[in-house]
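Thank you for making time for this. I would like to walk you through one structure, and I will go slowly for those who have not seen it before.

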Amino acid sequence: MLLKLLSSQKIIYHLILFFSFSLSVNYFVNLEFINYLSYAIFHLTLIYFVFYFFNIFLFFIAFVYGILFDIFLIDNISPHLISFMAFVFLFYYSKKYLLKFSSIKISYIIIIISFFMLILEILIANLFFNYPINHKNLSWLLLTLSIIFFPSLFIFSKIDKL
Amino acid sequence: MNLSFKVKAISKSRFTKNLFVSLIFLVSFFLVFFSKSDYTVINKFKSISNNYLYPITSFIVAPVKIVSKIKTQIYEFRNLKIENSILQEEVMRLKKWQALAIHNNSENKVLKKLLNATNSNLTLVKTTSLVSRNDFMFSKMININAGLKDGIINDMAVVNYRGLVGRTVDTTVGKSRVLLLTDPNSSIAIKTISNENYSLLKGAEDGIHLVSSYIKGEQLPKVGDLVITSGSAQVFPSNILVGKIVKVIKEKFYVLPFVDFKNIDYVQVVETK
């Protein structure tokens with residue numbers, strides 16, 4: 001039953017999510033770019049996954065990853081949980097309008113949402129837990145996201161064709 | 001009959017979906033709320049993730065860790081010649097200091113005996129290794145391989161050979177997390193060695209320096225002053241080396257910690273005698 005629910009593409013996306021999550025929560029001092037890369041990939045994958053494979057179960061996935069990211073990276077629950085849940089919730093109630101757009105427009109929406117999500121997480125962390133906005137980290141993250149955006153979408157489209 | 005069954009099935013599924021969504025939102029709201037007020041629920045989550053999920057994520061990222069180590073080793077190998085000459089010079093310098101230290105040590109022992117003073121205010125609880133780091137992006141934390149079973153509890157001071165590293169938080173049976181000095185939410189009561197200026201420090205925005213959050217009195221310390229723990233907040237024992245003042249701007253001063261937070265391998269958990 002569970003296997004039927006999970007198609008091969010979904011399994012691959014879940015694996016990407018878990019692998020990028022694992023890389024994001026373990027800091028590599030000498031390979032810092034891996035952390036930025038995996039953190040950006042996680043956000044991009046989650047948004048793409050929600051857009052093209054929406055299922056009510058994704059609320060639970062967003063919930064679990066939100067809590068885990070918060071506990072591992074912030075040691076308090078809020079920023080990731082709020083931004084992930086808000087995104088899935090907004091998508092749930094606007095999907096019938098969003099999915100009318102062409103695939104190119106959806107791609108642009110995905111990158112805009114990723115930017116917003118990252119900024120929102122940093123803002124919530126700053127507001128709730130007093131973590132200062134580190135402009136260097138934010139710029140690196142946004143730059144990484146911009147660089148990997150098109151290659152990631154290309155890989156995702158290949159995965160979809162499996 | 002058939003149509004009504006279909007309608008019922010859809011409405012039932014929609015009801016279930018909405019119920020599920022509402023439930024998830026309710027739980028999220030409570031968790032966000034509890035993270036600010038009730039620590040028992042949050043601590044349960046933390047201990048579960050620390051005990052069960054960390055080993056899995058560590059196992060998954062093991063190849064990357066190996067690559068990271070190899071990169072460090074290659075870098076060290078490249079700089080071997082320069083490092084060797086630096087170390088030779090340092091050995092010469094330290095030999096002179098050693099002679100002086102031995103002389104001072106014996107003198108100190110005699111003076112302490114005369115004053116009836118204790119040798120040190122620290123007791124070593126556990127020397128342990130670093131398991132993984134979580135100081136990417138937000139909080140500045142590391143995970144160490146010792147916990148409640150080793151006698152470690154929350155809010156114990158963690159040091160290494162260079163000075164103060166941080167304090168323990170989220171202690172579980174076998175593991176603990178250490179909140180580093182550089183975390184913006186850490187607070188360290190310090191004093192300067194030269195004129196005993198009492199202040200509070202927290203992690204600065206750059207994640208490298210410490211910045212003063214409160215200064216007792218109106219006099220600002222000078223650049224170059226050494227900073228040690230004052231012991232007044234009862235969290236850290238007194239007289240542990242923290243860092244050196246590198247910048248004084250307006251009403252704030254910046255401290256560069258002695259500990260190299262990027263190269264921590266082993267730490268010692270200590271408590272006041």
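**A walk through the two chains**

Let me begin with Phe87 of chain A, which, leaving aside residues up to four places away in sequence, touches Ile47(A), Ile113(A) and Met117(A). I should say at once that what you are looking at is a predicted model, and please keep that in mind throughout. Phe87(A) sits in helix H5 of chain A, and Phe87(A) counts as buried because 21 other C-beta atoms lie within 10 Å, where 20 or more are needed for that label. If you compare Phe87(A) with Ala62(A), the two are 25 residues apart in sequence, while in space their C-alpha atoms are 9.1 Å apart.

Ala62(A) comes up again with Val88(A), which touches Val50(A), Leu58(A), Phe59(A) and Ala62(A), once more not counting residues up to four places away in sequence. Val88(A) also brings us to the largest nonpolar core, which has 49 residues, and Val88(A) is one of those that touch the most other members, together with Ala40(A), Ile47(A), Leu73(A), Ile77(A) and Leu81(A). Which elements supply at least two residues each of this core? They are helices H2, H3, H4, H5, H6 and H7 of chain A, together with H1 of chain B. H3(A) gives the most, with eleven residues. There is also a second, separate core of 33 residues, and its members include Met141(B), Leu164(B), Phe236(B) and Phe253(B).

Let me turn now to the contact between the chains, which takes 37 residues from chain A and 38 residues from chain B. On the side of chain B that touches chain A, the elements giving two or more residues are helix H1 (2–36), helix H2 (39–60), helix H3 (62–78) and strand E1 (122–133) of that chain. H1(B) gives the most to this side, with nine residues. Sorted by class, the side of chain B that touches chain A has 18 nonpolar, twelve polar and eight charged residues.

Chain B is divided into domain 1 (2–37), domain 2 (79–115) and domain 3 (121–273). Taken over C-alpha atoms, the centres of domain 2 and domain 3 of chain B are separated by 25 Å.

Next, the strands of chain B. E1(B) and E2(B), the latter covering residues 141–144, run antiparallel and are joined by three bridges, and within this pairing Leu130(B) has Ile144(B) of E2(B) as its bridge partner. E2(B) is joined in turn to strand E5 of chain B, residues 176–180, by four bridges, and these two strands also run antiparallel. Here Ile144(B) has Ser176(B) of E5(B) as its bridge partner.

I will finish with two residues in loops of chain B. Met137(B), in the loop between E1 and E2 of chain B, has a positive phi of about 70° although it is not a glycine. Is Met137(B) buried or exposed? Met137(B) counts as buried, because it has 25 C-beta neighbours inside 10 Å. Asp155(B), which lies in the loop between E2 and strand E3 (157–160) of chain B, also has a positive phi, near 65°, and is likewise a residue other than glycine. With 13 other C-beta atoms within 10 Å, however, Asp155(B) is partly exposed.

Methods
Residues are numbered from 1 along each chain as its sequence is written. Chains are lettered from A and ligands numbered from 1 in the order in which they are written. This is a predicted model: local features need pLDDT of at least 70, side-chain atom pairs count only at pLDDT 80 or more; totals for chains, interfaces and linings use all residues. Two residues are in contact if their C-beta atoms, placed from the backbone, lie within 7 Å. Ala, Val, Leu, Ile, Met, Phe, Trp, Tyr, Cys and Pro count as nonpolar, Asp, Glu, Lys and Arg as charged, and the others, Gly among them, as polar. A nonpolar core is a set of buried Ala, Val, Leu, Ile, Met, Phe, Trp, Tyr and Cys residues joined through C-beta atoms within 7 Å. A residue is buried if 20 or more other C-beta atoms lie within 10 Å of its own, exposed if 12 or fewer, and partly exposed in between; C-beta atoms are placed from the backbone. Two strands pair if DSSP finds at least two bridges between them. Domain bounds come from an automatic or database domain assignment.
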